[in-house]
Amino acid sequence: MATAKMSNKSTQVDLGKLKDNIDPELTVTIAVNGLVVKVSGRDSNDDWTNVTVVCNSYDDFELLVNYIKAKNG
């Protein structure tokens, strides 16, 4: 499982290998230092893969959700 991260600028989302067909079903865990979000989707080889994203704030989480919504159309 890969790990992705939010940028410090809070304007970019890096989902690592995930390129297309991002699954809209997310797994969110509330941690002491933020939110841990598990995201799955297709990589550049059209294989299913999972990434874990750490959101340090609810604003970062909102950015992540809006990014996924935009990628899925």
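What is the mean pLDDT of the chain, and what share of its residues reach 70 or more? The mean is 81, and 84% of the residues reach 70 or more. This is a predicted model. The legends below go from the whole chain to single residues.

**Figure 1. The whole chain holds 1 helix and 5 strands.**
Follow the sequence and the pattern reads β-β-β-β-β-α. The chain has 73 residues, and 29% of them count as buried. Its accessible surface comes to about 4,900 Å². Carbon and sulfur atoms account for 47% of that surface. Now consider contacts between residues at least 6 apart in sequence: 46% of these join residues at least 24 apart.

**Figure 2. Confidence varies from strand to strand.**
Which element has the lowest mean pLDDT, and which the highest? Strand β1, residues 2–6, has the lowest, at 53. Strand β3, residues 27–31, has the highest, at 95. Where pLDDT is low, the predicted coordinates should not be read in detail.

**Figure 3. The largest nonpolar core is made up of 12 residues.**
Val 13, Leu 15, Leu 18 and Ile 22 belong to this core. Leu 35, Val 37 and Val 39 are also members. So are Val 51, Val 53 and Cys 55. Leu 64 and Ile 68 complete the set. Which elements each supply at least two residues of this core? They are β4 (34–42), β5 (48–55) and α1 (58–72). In soluble globular proteins, nonpolar side chains tend to be buried together.

**Figure 4. Leu 15 and Val 53 are 38 residues apart in sequence.**
In space, their C-alpha atoms are 7.5 Å apart. Leu 15 lies in the loop between β2 (13–14) and β3. Is Leu 15 buried or exposed? Leu 15 is buried, because its relative accessible area is 4% and the cut-off for buried is under 20%. Both Leu 15 and Val 53 are on the list of core residues.

**Figure 5. Val 51 sits in strand β5.**
Val 51 has 0% relative accessibility, so it counts as buried. Val 51 is another member of the largest nonpolar core. Look also at Gly 41. Val 51 and Gly 41 are 10 residues apart in sequence. From C-alpha to C-alpha, they are 8.6 Å apart in space.

**Figure 6. Val 32 is found in the loop between β3 and β4.**
Is Val 32 buried or exposed? Val 32 counts as exposed, because its relative accessibility is 91% and exposed means over 50%. Asn 56 is 24 residues away from Val 32 along the chain. The C-alpha atoms of Val 32 and Asn 56 are separated by 9.6 Å.

**Figure 7. Asp 43 lies in the loop between β4 and β5.**
Asp 43 has a relative accessibility of 15%, so this residue counts as buried. What does the side chain of Asp 43 reach at 2.9 Å? The answer is the backbone nitrogen of Asn 45. Now leave aside the neighbours of Asp 43 within four places in sequence. Asp 43 is then in contact with Lys 17, Lys 19 and Thr 49.

**Figure 8. Asp 46 and Arg 42 meet in a salt bridge.**
The side chains come together at 3.8 Å, N to O. How many salt bridges are counted? The count comes to 1. Arg 42 is partly exposed, with a relative accessible area of 21%. Asp 46 is partly exposed too, at 49% relative accessibility. Why is Asp 46 partly exposed rather than exposed? Its relative accessible area is 49%, and exposed means over 50%, so Asp 46 falls in the partly exposed class.

**Figure 9. The backbone at Asp 46 has a positive phi.**
Where is Asp 46 found? Asp 46 is in the loop between β4 and β5. The phi of Asp 46 is about 65 degrees. This positive value occurs although Asp 46 is not a glycine. Asp 43 lies in the loop between β4 and β5 as well.

Definitions and conventions:
Residues numbered from 1 in each chain as written. Predicted model: local features only at pLDDT ≥ 70, side-chain atom pairs only at ≥ 80, totals over all residues. Heavy atoms only, no water. Core = buried A, V, L, I, M, F, W, Y, C linked by side-chain atoms within 4.5 Å. Buried < 20%, exposed > 50% of the residue type's maximum accessible area, 1.4 Å probe, protein only. Helix = DSSP H or I, 4+ residues; strand = E, 2+ residues; numbered from the N terminus. Salt bridge = Lys/Arg side-chain N within 4 Å of Asp/Glu carboxyl O. Polar contact = N/O pair within 3.5 Å; in protein donor to acceptor, adjacent residues only side chain to side chain. Contact = heavy atoms within 4.5 Å. pLDDT = per-residue confidence, 0-100. Areas by Shrake-Rupley, 256 points an atom, 1.4 Å probe, with all protein chains shown as cover.
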